[in-house]
Structures are given as structure tokens and as C-alpha cells.
Amino acid sequence: MALENGMDERTTELARLREIIDTLDTKILLLLNERFEIALRIGRLKGSIVDPVREDEVLSHVRSVSNELLVGSKFAERMYASVLQRSRELQSGSAKLIGFQGEHGAYSEIAALKFIAEVLRERAVTLPFRTFEDIIDNVERGLIDYGILPVQNSLEGPIPSATYALLESDLYVVCEIVLPIRHCLLTLPETDPRNIRFVYSHPQALAQCRNFLKRLSLESVEYYDTAGAARKLASERMSNAAAIGSELAAKIYGLEVLKESIQDYPHNRTSFWILSKETRATGSKCAVTFLLEDRPGALLGVLEYFKSREVNLTRIVSLPSRSEPHVYRFFVDFETERVLDSFDVFVAGLKAKTMELRMLGLYDSLVVER
Ligand SMILES: O=C(O)C(=O)C[C@]1(C(=O)O)C=C[C@@H](O)C=C1
């Protein structure tokens with residue numbers, strides 16, 4: 001009996017330690033991934049790829065920080081020789097780089113992956129950035145090829161910070177991705193659902209699942225990012241908590257999807273814009289922005305102009321101009337089908353009815369079903 005108990009204890013301990021190893025391997029690979037992302041960005045900054053002097057520095061650094069008793073300097077050097085080789089391979093490849101805001105597993109990244117698979121159809125890598133402005137700055141400087149920004153959510157409306165960031169840039173909209181937002185309740189694989197008390201996520205995701213959380217008496221904890229909440233849950237092994245995030249975040253951080261599609265409104269969609277330095281010559285939709293004179297009927301005149309040419313508006317949003325008080329800037333998206341043959345004439349006519357008209361871009365829209 002005592003022997004059997006001893007075996008049980010050993011088996012339990014073995015399983016526990018192996019679980020820790022799995023978690024550590026996930027962390028190591030995520031960190032390696034991050035290192036390769038930085039190497040890709042460095043690749044765009046410098047001319048020739050191989051830098052033997054820097055490689056010597058890297059190798060001597062890893063030798064000096066490796067614990068001689070465990071990792072050992074020889075092992076560290078061998079391992080990093082492979083890492084450097086992979087860095088060089090990636091840098092000399094021709095993959096396009098697409099910046100998104102947030103952490104891996106963010107809905108923006110899912111939209112970017114749809115763009116790659118269904119529109120771009122070539123090798124491309126998604127890179128995380130902290131802010132919309134960082135993305136725009138990197139596209140403008142040619143350090144990445146595209147950026148993706150959320151512009152509108154079907155439940156919450158326009159996302160002004162992204163719109164202003166685009167307005168202050170020299171970039172163009174080249175594609176729209178409309179993505180269904182399916183929030184999932186994510187937990188550690190070992191979590192007993194009965195022990196969950198707290199749910200971490202971005203305030204907007206928590207708000208979109210309010211009724212679900214209330215029904216189960218779960219306490220919301222706000223976090224800056226949905227994917228970041230998933231990563232926190234995984235790295236801190238929080239067994240009394242869950243996160244709201246995407247299925248992709250579950251896959252990346254080794255979490256389990258306890259329940260899918262937990263948002264209160266099933267038709268939650270976000271539209272994302274893909275931005276580029278190059279404008280497209282054609283597209284089924286067009287985005288423009290303009291100011292209007294402060295007089296009665298100014299907006300009506302513009303709407304009548306669209307109506308008279310049977311041009312369908314797909315979005316009209318007004319936001320404070322920011323440069324002057326009480327002045328509003330309009331953001332209008334329209335279908336180009338009716339005016340494609342005389343597009344420049346149509347835009348010139350619109351320009352005459354507005355002030356400071358700016359073309360934000362011609363684009364096609366990809367509506368993702370699942
Ligand atoms: O630091 C650089 O210049 C890089 O390109 C990065 C890196 C690396 O992965 O550390 C990759 C290839 C170079 O030969 C040297 C270093």
C-alpha cells in the first residue's frame with residue numbers, strides 16, 4: 001500500500017514537473033519568436049545582412065551570461081549559432097512585414113492574417129507594435145510594408161484614435177477587412193471551471209460580454225489588451241481566473257477555450273484598414289475626408305451630390321477637427337462602381353462642394369465570415 005502511494009505521488013509530481021517544462025518551452029519559443037521579429041526589423045534597417053562583428057558580440061555575450069553548470073558556454077554558443085543562422089535566413093527572405101497594435105493573438109493580428117491569406121497571397125509576417133503611431137511611423141519610413149488599424153466596431157462605432165493617426169500620416173487605405181469578433185473564455189488547461197472568480201480582458205471586451213459575466217457571477221478585471229490578458233493568465237498560472245480573448249490567443253499561449261462566442265450580441269464585427277505608402281489606382285470603395293463651410297445646407301449639398309450620381313455611401317462619420325474649436329471633419333466611404341469611368345471628375349466635383357478634401361484611398365473589402 002505504502003509503495004502504491006509512493007508511486008502515485010511520484011506520478012503526480014512527474015506530471016506536475018512536465019507541465020512546468022511545457023510552460024517554460026512555450027515561454028522560450030515565444031521569446032525566440034520575439035527575437036526573430038526584431039531581427040526582421042533590423043534586416044530592413046541595414047544594407048548587408050551578415051555582420052560578423054555583431055555576431056561575435058552576440059556569441060561572447062551569450063557565453064558570458066550562460067550558467068556554466070547548466071546551460072554551459074559551449075552549449076549556448078552552439079545554440080546561438082543556429083539562432084543566428086535562422087535570423088540571417090529570415091532577413092534575406094522576401095517576406096512582407098505587417099504591423100498590428102497589441103500583442104500576438106490580438107484581433108488586429110487575426111485580421112492581418114486574413115489579409116495575408118486571402119488578399120496578399122504571399123509570404124508575410126505580422127509584427128506587434130505598441131501604438132497606432134508606431135505602426136504608421138514604421139510604414140512611412142519603409143521599415144514595414146503595411147500597417148493594420150481598427151476603424152469601426154459594429155457595437156461601439158468609430159475608433160477615433162485610429163482615424164486621427166491615419167489623418168496625421170501620409171499613408172493610404174488599400175484594403176478593408178471586416179472581421180467577426182468572437183470572444184472566447186480562456187483558462188489554463190488545468191483550471192477547474194468551478195474555481196474561476198476573476199476574468200481579465202480589455203474594457204471593451206469585458207463590456208461586450210457583460211451579461212455573460214453577470215450570469216456566471218464572474219468579477220471583471222480590466223487589462224490593457226485581450227491578448228495581453230491571455231498571456232498574463234498563462235505566464236502567471238492563475239488557476240482562479242480566466243481571460244476573454246481570441247481563439248488564436250488561446251493557441252499561442254497554450255490556453256483552453258472553455259466557451260466560444262460569449263459576447264452578448266452575436267453580430268459583433270470590427271472593420272480594419274490596411275495602410276500602405278502606395279495608393280491603389282482602383283478599388284470598389286473609396287475613403288475621403290473633408291471639412292464643410294459653416295452654413296445651413298452645406299452637408300445636404302454634399303449628400304445630394306452623391307445621390308444625383310447614385311453613389312452609395314457605406315460610412316459617414318464626423319469627428320472634431322482638432323485644429324480648430326467647433327469645427328468638424330467628415331470621413332466618408334463610398335462605393336465607386338457608379339463613377340469608376342469618370343472617377344477623377346467625380347472627385348473634382350466633390351472637392352468643389354467641400355473644403356480640404358483629401359483622398360484616404362481606394363480599396364476592396366474582405367468580409368470574413370468565420
Ligand atoms: O544585429 C544585427 O545586425 C542583426 O542583423 C541581428 C543578428 C542577430 O540575430 O542577432 C542577425 C544577423 C547578423 O549577422 C547579426 C546579428
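## The annotated N-terminal span

In this predicted model, residues 8-95 are 82% helix and 0% strand, and the C-alpha atoms at the two ends of the span lie 50 Å apart. The span corresponds to a UniProt annotation, "domain: Chorismate mutase", which comes from an unreviewed entry.

Helix 3, residues 73-92, contains both Arg-86 and Glu-89. These two residues are three positions apart, about one turn of the helix, and their side chains form a salt bridge with an N to O distance of 2.8 Å. The structure as a whole holds 19 salt bridges.

## The annotated C-terminal span

A second annotation in the unreviewed UniProt entry, "domain: ACT", is listed for residues 287-364. Over residues 287-364 the chain is 40% strand and 28% helix. The end C-alpha atoms of this span are 11 Å apart.

## Division into domains

The protein chain is divided into domain 1, domain 2 and domain 3. Domain 1 covers residues 2-92, and domain 3 covers residues 184-259. Domain 2 is made up of two segments, 96-180 and 269-367. Between the C-alpha centres of domain 2 and domain 3 the distance is 32 Å.

## The interface of domain 2 and domain 3

The size of an interface is often expressed as the accessible area that is lost when the parts come together. For domain 2 and domain 3, the area buried between them is about 940 Å², with 54% of it on carbon and sulfur atoms. The contact involves 12 residues of domain 2 and 15 residues of domain 3.

Eight residue pairs are in polar contact between domain 2 and domain 3, counting pairs in which both residues have pLDDT 80 or more. On the side of domain 2 that touches domain 3, helix 4 (residues 107-120) gives the most, with four residues. The residues of that side comprise five nonpolar, four polar and three charged.

## The salt bridge across the interface

One salt bridge is found across the interface of domain 2 and domain 3. In the salt bridge between Arg-231 and Glu-103, the side chains meet at 2.5 Å, N to O. Arg-231 falls within the bounds of domain 3, 184-259, and Glu-103 falls within the 96-180 segment of domain 2.

Note on methods
Residues numbered from 1 in each chain as written. Predicted model: local features only at pLDDT ≥ 70, side-chain atom pairs only at ≥ 80, totals over all residues. Heavy atoms only, no water. Domains from an automatic or database assignment. Contact = heavy atoms within 4.5 Å. Buried area = accessible area lost by both parts, 1.4 Å probe. Salt bridge = Lys/Arg side-chain N within 4 Å of Asp/Glu carboxyl O. Polar contact = N/O pair within 3.5 Å; in protein donor to acceptor, adjacent residues only side chain to side chain. Nonpolar A, V, L, I, M, F, W, Y, C, P; charged D, E, K, R; others polar. UniProt positions renumbered as here; feature names shortened; annotations may be inferred.
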